[in-house]
Amino acid sequence: MSTQAPRIVSDLACGFCGLGCDDLEVAVMFREVRPRRACPEAARLLRRGPGQPAAPRVGGREVPLVEAASAAAAHLKASRAAAFSGLGADVAGLRGLADLAVSFGASLDHAASEGLFRNLDTLQRVGWVACTLAELRNRCDVLVVVGADPTGLYSRFFERAVPAPRTDGTGPLFLPQGRTIVFLGHGPEAATRNLLAGQDVREVPVPDGLLAEALAALGAFVAGRSLADLGGAFAGALGEALQEVAGLLKAARYGVLTWNAATLQSGEAGLVVGRAADIVATLNATTRAAVFPLGGRDNGLGAHQVMLWRFGYPLRTLVGGGEARHAPGLYATAAALKDADLLLHTSAFRPDPPPAFDRGPVIALAHPETEFAREPEVFIPVGTPGVDHGGQVFRMDGVVCLPLEGLRDAGLASVAQAAAAILQAGRAA
Ligand code: SF4
């Protein structure tokens, strides 16, 4: 038995949910990784046992990487309508997947792009004023959380974004008086309530399905209209509460509206996002305000950026034959799979299996612990950025590209290496 002490690695950046925490700590012993400081989600996704990870497989048979890459290349060459899903990879891996799409032809979409597109709809039409995480933390004196408490998906959001003033210099920089946090929609969860204890927290419950209407009323109040002007539509406690929130935002030095578009009800998500952006635009005539949309799990924002700089279009774009065609209705994964004859699924951050697909072969560049509903034709287990190799991921506000550190060598290819091997096999064939 080894008596060697584990290596403690501190101040690690985290690439899982998009919030970009950079204070994680793990203990590493050979292939084993044990989280010491991390949120529950990061701890679950960082933890590794001492065992040897899965090997590449073709048709369920273990093979060397080069053989799996050749088989994947052969399937891609035979394909006429490939769909690339998941796209959970670091920037280098995403560039490799883009190379594969250029070479073989494919549509590309990220597993967590639904919220992104709900936001893009407003951003493309009318634009918005957005802030960074640092501005939110250091300057925002009134934060309105629209919809559900985001803690379930971004467990350290409130800890990082709206810490209480402190005297030891670790709190927000420009907020000696603290701030007000309004939950507009669902109230805060118990953990959030505890975390924000001592801060000015207000709750404006909004019944499901009425959030877009509530934001329309809030926008009207911010624009200077009164309850009487609204013709009684918002008479009562909700109207009065919204009028009070409007007053808070108008009096704020830096108001921010935040939401997670992925968890808004699909029928009203576009309206909610558009009205939140409108409110911020109105506020900026007299004070300072911004939106802070949440999202970007598994480097979703990195996938968006790579698509933009590589093809000039966002995700949900078909690439091939020297052209790129953006059609979100056609190339969202669920729609693309209705016409696809091959699925290439990438998920390096977590063991998420490919979507159901039976129209052709499945190639999975996936976490080694992925459990498949049906064995893919080709499975190449890939390392996780920030565990098995270094890499870069974008934070949810898009202004910071975080460096992730490799912690161990378990012999797993990165997505970039797997994609390069497939590309090389395709060229050699
Ligand atoms: S909140 Fe997100 S970025 Fe922060 S440690 Fe957890 S998973 Fe990582």
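This report describes selected residues, a ligand site and some spatial separations in a predicted model.

**The ligand and the cysteines**

The ligand occupies the largest cavity. Ten names make up its surroundings: Cys14, Phe16, Cys17, Leu19, Gly20, Cys21, Leu24, Cys39, Ala42 and Arg156. Sorted by class, this shell holds eight nonpolar residues, one polar residue and one charged residue. Glycine counts as polar and arginine as charged, and both Gly20 and Arg156 are among the residues around the ligand.

Cysteine 17 and cysteine 39 both belong to the ligand's surroundings. Cysteine 17 is buried because its relative accessibility, 17%, falls under 20%. Cysteine 39 has a relative accessibility of 16% and is therefore buried as well. How many disulfides does the model have? The count is zero.

**Arginine 350 and aspartate 298**

Arginine 350 sits in the loop that runs between β15 (342–347) and β16 (362–366). With a relative accessibility of 6%, arginine 350 is buried. Beyond the residues up to four places away in sequence, arginine 350 touches Phe16, Glu41, Arg44, Leu45, Arg297, Asp298 and His367. One of these, Phe16, is also among the residues around the ligand.

Aspartate 298, another contact of arginine 350, is found in the loop between β12 (288–294) and α11 (300–311). Is aspartate 298 buried or exposed? Aspartate 298 is buried, because its relative accessibility of 5% is under 20%. The phi angle of aspartate 298 is near 50°, a positive value in a residue other than glycine.

**Phenylalanine 30**

Phenylalanine 30 also has a positive phi in a residue other than glycine, here near 55°. Its place is the loop between β2 (24–29) and β3 (32–37). The relative accessibility of phenylalanine 30 is 56%, which is over 50%, so phenylalanine 30 counts as exposed.

**Histidine 389 and valine 9**

Histidine 389 belongs to the loop between β17 (378–381) and β18 (391–394). Its relative accessible area is 14%, so histidine 389 is buried. Leaving out residues up to four places away in sequence, histidine 389 touches Asp90, Gly383, Thr384, Glu405, Gly406 and Ser414.

Valine 9 is part of strand β1 (residues 7–12) and is buried, with a relative accessible area of 7%. With residues up to four places away in sequence set aside, the contacts of valine 9 are Leu24, Glu25, Val26, Val28, Glu405 and Leu407. Glu405 is thus a contact of valine 9 and also of histidine 389. Leu24, another contact of valine 9, is one of the residues around the ligand.

**Leucine 301, valine 58 and aspartate 278**

Leucine 301 lies in helix α11. A relative accessibility of 14% makes leucine 301 buried. Its contacts, not counting residues up to four places away in sequence, are Leu116, Gly296, Phe394, Arg395, Met396, Asp397 and Gly398.

Valine 58 is located in strand β4 (residues 57–58). Apart from neighbours within four places in sequence, valine 58 is in contact with Val63, Glu67, Ala68, Ala71 and Glu377.

Aspartate 278 is in helix α10 (residues 269–283). Why is aspartate 278 called partly exposed? Its relative accessible area is 44%, and partly exposed is the class between under 20% and over 50%.

**Separations along the chain and in space**

The table sets sequence separation beside the C-alpha to C-alpha distance for four pairs.

| Pair | Apart along the chain | C-alpha distance |
|---|---|---|
| Valine 9 and leucine 407 | 398 residues | 8.1 Å |
| Leucine 301 and arginine 61 | 240 residues | 35 Å |
| Aspartate 278 and threonine 122 | 156 residues | 9.7 Å |
| Valine 58 and alanine 72 | 14 residues | 8.7 Å |

Valine 9 and leucine 407 are 398 residues apart along the chain, with their C-alpha atoms separated by 8.1 Å, and the two residues also touch. For leucine 301 and arginine 61, 240 residues apart, the C-alpha separation is 35 Å.

How values were computed
Residues numbered from 1 in each chain as written. Predicted model: local features only at pLDDT ≥ 70, side-chain atom pairs only at ≥ 80, totals over all residues. Heavy atoms only, no water. Helix = DSSP H or I, 4+ residues; strand = E, 2+ residues; numbered from the N terminus. Buried < 20%, exposed > 50% of the residue type's maximum accessible area, 1.4 Å probe, protein only. Contact = heavy atoms within 4.5 Å. Disulfide = S-S within 2.5 Å. Near = heavy atom within 4 Å. 1 Å grid on protein atoms, 1.4 Å probe; cavity = no way out; pocket = protein on both sides within 12 Å on 5 of 7 lines; lining within 4 Å. Sits in = over half its atoms within 2 Å of the grid points.
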